[in-house]
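Got your viewer open? Load the model below, keep the sequence panel handy, and follow along stop by stop.

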Amino acid sequence: MDNCRFVYHLSLQKYSNFFIMRRAKRLSILFFVIGFCTCLFLIGTVRFLSKFHWGKITECSEKVVFFPVGNCPDCRTITTKYWNIAKLNDNNTIHLENAQRMGIQPFQTNQDLENNIESFVFRSKLKKLKDCDTYKLKELTHSYPYLVPKAVDLLDEIGDRFEEKLHAINIPSYYMLISSVLRTKESQNGLGKRNTNAVALSAHMYGTTFDISYKEFLPLHGKHPREGFCRHDMLRHPLGEVLTEMSNEGRCKVVREKKQACFHITVAN
Ligand SMILES: [Zn+2]
Ligand SMILES: [Zn+2]
């Protein structure tokens, strides 16, 4: 009888152990599922919130303000005005005529330029471009920051007149971005990769010609925006109006280059 009770007791204990283990297993699965779902929910929430641009973002203590595309007050102001802009499509022959008349003899190689540039600057045949109040140089990969003095004067005047246009409609100053300046035959050749023998003649080789980007203008804080934030490309309208006026005054030749998204400008007399 006792023996029988003992066996009964043992099997009861075994059964309850089995039951507890099963419960623990279930609980651990439940906790795992809850944890997994919480993680998914958090990831989803973060991704959802990051889709919003919160009107403006300020970084650090200095006031660096970026606006989402379409939400920039300066660009909005520009789109409410009428801008008198010509087609700005002077062809390469016209640019070359002016470049060859007003510029230097092209440098054959980059080494050639590097060996002689100091003497050109010393004799005031070329001037070095530096960042200033109205423009900044982009990273120049196929060109050097030098222009004949008349072209530097032209660029300075474009900058001043562009700034005046902005101030006239209560917009603060912005930097224009210079994307290409003086090229050697070698660097020009590097741009036309397909045919290395035939160097396309470019006005950039004469130190008379520079490119101003029209897809980005830089606010005075000098910081580039992240993807999705305004690059102030609407400022191409006041700049286009300045170039139209100066082109009509016979001061320059201009073409709007779609591929490079820039105004290609050659000094004229
Ligand atoms: Zn803008
Ligand atoms: Zn150009």
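Start with the loop between helix H2 (73-79) and helix H3 (92-102), where you'll find Leu88. Helices here are DSSP runs of H or I with at least four residues, strands are E runs of at least two, and both are numbered from the N terminus. Check the backbone of Leu88: its phi is near 55°, a positive value in a residue other than glycine. Most residues other than glycine have a negative phi. Leu88 is partly exposed, because 17 other C-beta atoms lie within 10 Å. On this scale 20 or more other C-beta atoms within 10 Å makes a residue buried, 12 or fewer makes it exposed, and anything in between is partly exposed, with C-beta atoms placed from the backbone.

Before moving on, some housekeeping. This is a predicted model, in which local features need pLDDT of at least 70 and side-chain atom pairs count only at pLDDT 80 or more, while totals for chains, interfaces and linings use all residues. Residues are numbered from 1 along each chain as its sequence is written, and chains are lettered from A and ligands numbered from 1 in the order in which they are written.

Now zoom out. Colour by secondary structure and you should see seven helices and ten strands in the protein chain. Of its 269 residues, 30% are buried. Contacts (C-beta atoms, placed from the backbone, within 7 Å) are counted here at a separation of 6 or more, and 73% of them join residues 24 or more positions apart.

**Stop: H5**

Select residues 149-168, which form helix H5. Its 20 residues reach 29 Å from first C-alpha to last, close to the 28 Å expected at 1.5 Å a residue (the expected span is 1.5 Å times one less than the number of residues). Show side chains for the buried set: Ala151, Leu154, Leu155, Ile158, Gly159, Phe162, Glu163 and Lys165. They cover an arc of only 170° around the axis, so they sit on the same side of H5 (the arc is that of the directions from the helix axis to the C-beta atoms). Spin the helix to the face turned away from that buried side, and you meet the exposed residues Glu164, His167 and Ala168. Following H5 is Asn170, with a positive phi near 60°.

Stay on H5 and pick out Leu155. Leu155 counts as buried because 23 C-beta neighbours lie inside 10 Å. Leaving aside neighbours within four places in sequence, Leu155 is in contact with Tyr135 and Phe210. Draw a C-alpha distance from Leu155 to Leu129, 26 residues away along the chain, and you should read 9.8 Å.

**Stop: where H5 meets H7**

Add helix H7 (residues 236-248) to the selection: H5 and H7 pack at an angle of about 130°, with their axes 9 Å apart. Axes are lines fitted to C-alpha atoms, for helices over the stretch in contact, and angles run from 0 to 180 degrees between N-to-C directions. That angle makes H5 oblique to H7, since under 35 degrees counts as roughly parallel, over 145 as roughly antiparallel, 65 to 115 as roughly perpendicular and the rest as oblique. To see who makes the contact, show Ile158, Arg161, Phe162, Lys165 and Leu166 of H5 against Pro238, Leu239, Glu241, Val242 and Met246 of H7.

H7 itself has 13 residues and reaches 18 Å from first C-alpha to last, close to the 18 Å expected. Its buried residues are Arg236, Pro238, Leu239, Gly240, Val242 and Leu243. What do the buried residues of H7 pack against? Light up H2, H5 and strands E6 (174-180), E7 (209-213), E9 (252-257) and E10 (262-267). Gly250, with a positive phi near 75°, follows H7.

**Last stop: the loop before H7**

Select His232, in the loop between strand E8 (218-219) and H7. Its phi is positive, near 60°. His232 is buried, as 21 other C-beta atoms lie within 10 Å. Not counting residues up to four places away in sequence, His232 touches Cys72, Asp74, Cys75, Tyr174, Glu216 and Phe217.

Finish on Pro225, found in the loop between E8 and H7. Pro225 is buried, with 20 other C-beta atoms within 10 Å. Pro225 and Phe66 are 159 residues apart in sequence, yet 6.5 Å apart C-alpha to C-alpha.

Note on methods
Two residues are in contact if their C-beta atoms, placed from the backbone, lie within 7 Å.
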